[in-house]
Amino acid sequence: MNAAKSPWWHTATIYQIYPRSFSDSNGDGIGDIPGIINRLDYLADLGINAIWLSPIYKSPMDDNGYDISDYQEVAAEYGTLEDFDYLVAEANTRGIGIILDLVVNHSSDEHPWFIDACGSRDSKYRDFYTWRDPAPGGGVPNDIPSVFGGAAWSFHEPTGQYYFHQFTRRQPDLNWQNPELRESIYRMMNWWLDRGIAGFRMDVIDLIGKEPDRGITAEGPHLHTYLQEMHARTYGGRDILTVGETWSATPNSALLYSGRNRNELSMIFQFEHVTQAWHPIHGKWQPMDFDLVALKEVLGKWQLALAEDGWNSLFWGNHDLPRAVSKYGDVSGYHKQSAKMLATVLHLLKGTPYVYQGEEIGMTNVSFTSIEQFKDVETLNMHRLHLEAGLSANEFIAGANVNGRDNARTPMQWTQAEHGGFTTGSPWIEVNPNYRHINVEASLSDSQSILAHYRHLIGLRNQHPVIVYGRYQSFLDQDPQFFVYTRTLNDQMLLVVANFSNKPGMLELPDELQLQGECISYNYDPVDHIGPQTELQPYEAFAVLCRGNK
Ligand code: TEU
Ligand code: CA
């Protein structure tokens, strides 16, 4: 890719904010937009270039905003449209763009479109959704399951039909086969684009091509037609970032979404590195330890698949995933070292890195003991279904404490004050009790903090084109302890080495990697010379930049 024509998001680092849990400005225990504005200097100091805001729109909050009842109104508990416009302006003065979460696979059942559609089979909005008669013998039209448990069909008594919902029954799917629905969505998107946003993250966008009668949910036959139409009708020609959440994506389909001549998206979120540690039958609720060899294989596959076209997103966590350091690191023994190692390995890959709120200070999973502490609708639904299936509550809670979404939704830990400085009120979900020693204030006063390491890595991306465009090559692919890769651009080579274990180890690198260079990142002592054997400490990670001959 010619650096002269490269888009801004090639060198950018994106920070994800889950508004409900980031910063509460008015003491109601719920994060809000003024609270985010109060923290912009912190984010500017971190060096991020844009903020992906999880939904801020009017919503009954059945799924914490991923169930929208007015696409052009801010949820009252988060603030007002004026607050939003002020956030955009204040972020922009700090060189930070605002990326909105576009949730258009489904709306809330409280959206006026759905309320009108329920009023009569002749409603002009009836076909904005998918309605079907009961199956011939009665019951659901077919056996498509909801992602959140149960059937993907709910019966609407007054009009005698089922409606389709891939998530909860309070999140009716929108019917993208209807051109009027699509135009309504495009009008809404342009309305937000005209308010100066920097992009969209597109919620489960691989599902909008669904064809329920044929049992098709992800990557339907018209999906890319819709995305190219959306591009043409809205953001095409604007200098914005678009990232699609696509749980079904493969390296091949990733090129369809993000190929430079596809006129669809900038990039996608793929989840293969996440689901490779899920149980084949019980999914994330039956946790399995991740396997480094498998993880390296997946990350490497995606680096190579999008090496010449398309573009990778890079992330360990988000609002749906467990905390990175709990999932892949070692909170008890090597919290700081393992969090820094994970950041090093991810941020020196090719692609756009995403930092999930709190990841930069090493926030961890929680350990809830009763189901009442959990707030996530998916977790609560699955808990009910697991108990109905005869599983023990404790067994379910143990799984939810490893992979449940609430792990990422406990409030941001700002200080060691009560509730971690998140709120002066009573938080909507419990703050992780480790806020007393894991918090922003403590991190800012520690030059060796995880935060300082993230700030350094984010800065490196702007200094070294080899990090942005270097060709990826892995080494020791079958080694179960070490992750070793290089990035090469022109006469520069960056060697990245990481010990993914809590055991020290002797690393033996091939001759071609026995080199001398500038150590541009480390989490123990700097390493600038690699010989035939290198002793690595637990979770040690470093990067050495060599120019010209080694
Ligand atoms: O997530 C898609 C989704 O299905 C994830 O919730 C994930 O598959 C699940 O947690 C795995 O168990 C998006 C949003 O990120 C999520 O927060 C929403 O709940 C969901 O869509 C519906 O909008
Ligand atoms: Ca608030």
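Colleague: Which atom of ligand 1 does a polar side-chain atom of Lys284 lie 2.9 Å from?
Modeller: The model is predicted. In it, a polar side-chain atom of Lys284 is placed 2.9 Å from its partner in ligand 1. A polar contact requires N or O atoms within 3.5 Å. The partner of Lys284 is an oxygen atom.

Colleague: How far is an oxygen atom of ligand 1 from an N or O atom in the side chain of Arg405?
Modeller: Arg405 is among the closest residues around ligand 1. Arg201 also has a polar side-chain atom 3.0 Å from an oxygen atom of the ligand. For Arg405, the distance is 2.8 Å.

Colleague: How much of the accessible area of ligand 1 does the protein cover?
Modeller: Ligand 1 sits in the largest pocket. On its own, ligand 1 has 480 Å² of accessible area. The protein covers 95%.

Colleague: How many charged residues does the shell around ligand 1 have?
Modeller: The ligand is surrounded by 18 residues. Of the shell, 7 are nonpolar and 2 polar. The charged residues number 9.

Colleague: Which protein donor of the calcium ion (ligand 2) is listed with O?
Modeller: The donors lie 2.2 to 2.4 Å from the ion, and their spacing along the chain is D-x1-N-x1-D-x1-I-x1-D. Asp24, Asp28 and Asp32 are listed with OD, and Asn26 with OD1. The donor listed with O is Ile30.

Technical notes
Residues are numbered from 1 along each chain as its sequence is written. Chains are lettered from A and ligands numbered from 1 in the order in which they are written. This is a predicted model: local features need pLDDT of at least 70, side-chain atom pairs count only at pLDDT 80 or more; totals for chains, interfaces and linings use all residues. Side-chain values use heavy atoms; hydrogens and water are left out. A residue is near a molecule or strand if one of its heavy atoms lies within 4 Å of it. A polar contact is a pair of N or O atoms within 3.5 Å; within protein, one must be able to donate a hydrogen and the other to accept it, and residues adjacent in sequence count only if both atoms are side-chain atoms. Accessible areas come from the Shrake-Rupley method with a 1.4 Å probe; for residues, only the protein chains shown count as cover. On a 1 Å grid over the protein atoms alone, a cavity is a set of points where a 1.4 Å probe fits but cannot get out, and a pocket is an open set with protein on both sides within 12 Å along at least five of seven lines; lining residues have an atom within 4 Å of a point. A molecule sits in a cavity or pocket if more than half of its atoms lie within 2 Å of its grid points. Ala, Val, Leu, Ile, Met, Phe, Trp, Tyr, Cys and Pro count as nonpolar, Asp, Glu, Lys and Arg as charged, and the others, Gly among them, as polar. Donors are N, O and S atoms within 2.8 Å of the metal (3.2 Å for Na, K and Ca); water is not among the atoms, so sites may look incomplete.
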